[in-house]
Amino acid sequence: MKITEATYTPPSDEEGSSAYTSIKCSVENKSESTIEMSKGYALLLDEKGIVIGNESEREEDSFAETGESFNIEYSPYIDHPKHVGDLDKMKTIVDITTFRREFFKLGEFDCPQDHTTPIKSDYSKETGDIRIHGIYILMHKPYEDDNSDERTIETRISVRNISDTYIEKVKVKVQLMDKEDAVIETGEDYRNVAPSSSNTIMPSVWAKKGKLKGASLKISISTYYAVEHFHAEGNLTKQKN
């Protein structure tokens, strides 16, 4: 990984308004996996090496096949520039982790037509390190004073990590399809799953009650695994107009 630019914009007034930075990085995928996500952390340090600003857990849909590179930019700001001292002596430390994705279609399921009758499927599957024990789909009961025709459909999928590997992100995507197989609404939710533990992912979709007649839900799951870790450091310079 290379830091291709590290600049700062000084405060715009004497009262010490915030100072802003631009830290651009280029990351080459040298692994054998296709990268589909990155998570990064950028620190700003003063001349004594004390952190005075940061941008943490910046998640991006970064895509790069083997041998390709992707670019990413971080913009941590300094809320008290007068506390920094000499802005020209600031330094940045950037750490980035890349992730590969495993994608599976879980299938198409009926949509509940009222809040008293959920859809419960005994669907079970092992997708890599993830094990699924059934799918539970329900319609939320409307509030007593809710006169709208809008209904919320929630899908609950509990996943178990049956490995010793920490899984950064498991994402479930739900597409609500009408009777003509057109997409009405899309919902997503995600969780991380520690080794030998479980978590429940609960994406929701919304639609008018009339559109739910004959509707179905297409469900897929994506699991993201860490591939490489990158580290780079550099000095900041003043942004040129």
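Over the ring of which tyrosine does the charged end of lysine 169 sit, 4.6 Å from the ring centre? In this predicted model, that ring belongs to tyrosine 190. A second ring is involved too. The charged end of lysine 169 also sits over tyrosine 224, with 5.4 Å to the centre of that ring.

Now turn to the strands. Six of them form an open sheet with antiparallel pairing. Read across, the order is 4-3-7-15-11-12. Strand 4, residues 51–60, is one edge. Strand 12, residues 183–193, is the other. Each of these edge strands pairs on one side only. From one strand to the next, the twist averages 20 degrees.

Look inside the sheet at strand 3, which covers residues 37–45. Strand 3 runs antiparallel to strand 7, and nine bridges join the pair. For a point of reference, find leucine 43. Opposite leucine 43 stands isoleucine 93, a residue of strand 7.

Strand 7 also leads to the aromatic contacts. The model has two aromatic pairs, counting ring centres within 6.5 Å. One of them joins phenylalanine 109 and tyrosine 123. The ring centres are 6.2 Å apart and the planes meet at 85 degrees, so this pair is edge-to-face; the cut-off for that class is over 60 degrees. Phenylalanine 109 lies in strand 7 (residues 91–110), while tyrosine 123 lies in strand 8 (residues 119–127). The pair therefore ties together parts that are 14 residues apart in sequence. Are these two residues buried or exposed? Phenylalanine 109 is buried, and tyrosine 123 is buried as well.

Conventions
Residues are numbered from 1 along each chain as its sequence is written. This is a predicted model: local features need pLDDT of at least 70, side-chain atom pairs count only at pLDDT 80 or more; totals for chains, interfaces and linings use all residues. Side-chain values use heavy atoms; hydrogens and water are left out. Rings of Phe, Tyr and Trp (its six-membered ring) pair if their centres lie within 6.5 Å; planes under 30 degrees apart count as stacked, over 60 as edge-to-face and the rest as tilted. Helices (H or I, at least four residues) and strands (E, at least two) are DSSP runs, numbered from the N terminus. Buried means under 20% relative accessible area, exposed over 50%, partly exposed in between (1.4 Å probe, protein chains only). A charge sits over a ring if NZ of Lys or CZ of Arg is within 6 Å of the ring centre and within 35 degrees of the ring normal. Two strands pair if DSSP finds at least two bridges between them. Axes are lines fitted to C-alpha atoms, for helices over the stretch in contact, and angles run from 0 to 180 degrees between N-to-C directions.
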